[in-house]
Amino acid sequence: RNWPKSERLKKEKEALGFYVSGHPLDSYKSESKLLATSISKLKEGAHAENNKVSLIGIVVNNIVRLNQNNEKFAISILEDLRGTIEFPVFAKVYEKNGELLESDKPLLISGRVNYRDEKVGIFVENISLLSEIRENKAKSMTVKIGPEKLHEDDIILLRSTMQKFSGDKPFSFSIKTPESDIITINPEEKISYSPELFEELEELLPPQSFEFNY
């Protein structure tokens, strides 16, 4: 069966314990660069105590417990492309959006840096689905197409796929010709940056083809 990429990756992880044909964060290179720090940088001490930071990753382990007031809180482990970090999600934040910790989907975890016994952690203030951040907050998108993909049929298929998801966000094509010239095309129609659109687009182009501005 031809699963969508996200489903394929999920099944690989369930069956083998690791991803084979990519990583769920491959699709979010723009966000990782523009909206977050990496777990390795945080652990290296690049951010001072109480600094506001955001991390992007997948929760790979989540243990839910009850505090003294019988409220749920969690101990979670987040993984990005380079490392993992464990942190608590206290009751107030857990009540607001703790269910996202069970989602298997890329998340944006925001909070403040804290150091305890020389070990760096994060005091979590907010948890968001990365796909929703993109859908609501990205300002523009560029589809980068290399010379090896420069077929008229591909462009027509891309355009028709995008037309299915009309909305109010702009997009452009940046096409590299075999002579290494860059041609930019700015279509008049606008689209919605919905997760379903990118599921379809990633069957046509690799995830690093899509660049977002915030």
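Guide: Two strands are said to pair if DSSP finds at least two bridges between them. Helices (H or I, at least four residues) and strands (E, at least two) are DSSP runs, numbered from the N terminus. The model is predicted: local features need pLDDT of at least 70, side-chain atom pairs count only at pLDDT 80 or more, and totals for chains, interfaces and linings use all residues. Residues are numbered from 1 along each chain as its sequence is written, and side-chain values use heavy atoms, with hydrogens and water left out.

Visitor: Which residue in β5 is the bridge partner of Arg116?

Guide: Strand β4 covers residues 107-116 and strand β5 residues 119-129, and the two pair in the antiparallel sense over 10 bridges. Their hairpin has 2 residues between the strands, and Asp117 takes a positive phi near 50° there. In β5, the bridge partner of Arg116 is Lys119.

Visitor: Which element supplies the largest share of the largest nonpolar core?

Guide: A nonpolar core is a set of buried Ala, Val, Leu, Ile, Met, Phe, Trp, Tyr and Cys residues joined through side-chain atoms within 4.5 Å. The largest one has 22 residues, and Leu78, Phe87 and Val124 are among those with the most contacts inside it. At least two of its residues come from each of α3 (39-43), β1 (52-66), β2 (72-79), β3 (84-89), α4 (91-97), β4 and β5. The largest share, 5 residues, comes from β5.

Visitor: How many residues has the other core, which includes Val143 and Met162?

Guide: In soluble globular proteins, nonpolar side chains tend to be buried together. Apart from the largest core lies another, with Leu205 and Phe210 also among its members, and its size is 19 residues.

Visitor: How far apart in space are Ile109 and Ser54, C-alpha to C-alpha?

Guide: Ile109 belongs to strand β4 and is buried, with a relative accessible area of 0% (buried means under 20%, exposed over 50%, partly exposed in between; 1.4 Å probe, protein chains only). Setting aside residues up to four places away in sequence, Ile109 touches Ser54, Leu78, Phe87 and Val124, among others (contact means heavy atoms within 4.5 Å). Ile109 and Ser54 are 55 residues apart in sequence, while their C-alpha separation is 5.4 Å.

Visitor: With which side chain does the side chain of Ser27 make a polar contact?

Guide: Ser27 lies in the loop between α1 (5-16) and α2 (29-34), and it is buried, with a relative accessible area of 11%. Leaving aside neighbours within four places in sequence, its contacts include Lys5, Arg134 and Pro207. A polar contact is a pair of N or O atoms within 3.5 Å; within protein, one must be able to donate a hydrogen and the other to accept it, and residues adjacent in sequence count only if both atoms are side-chain atoms. At 2.9 Å, the side-chain partner of Ser27 is Glu202.
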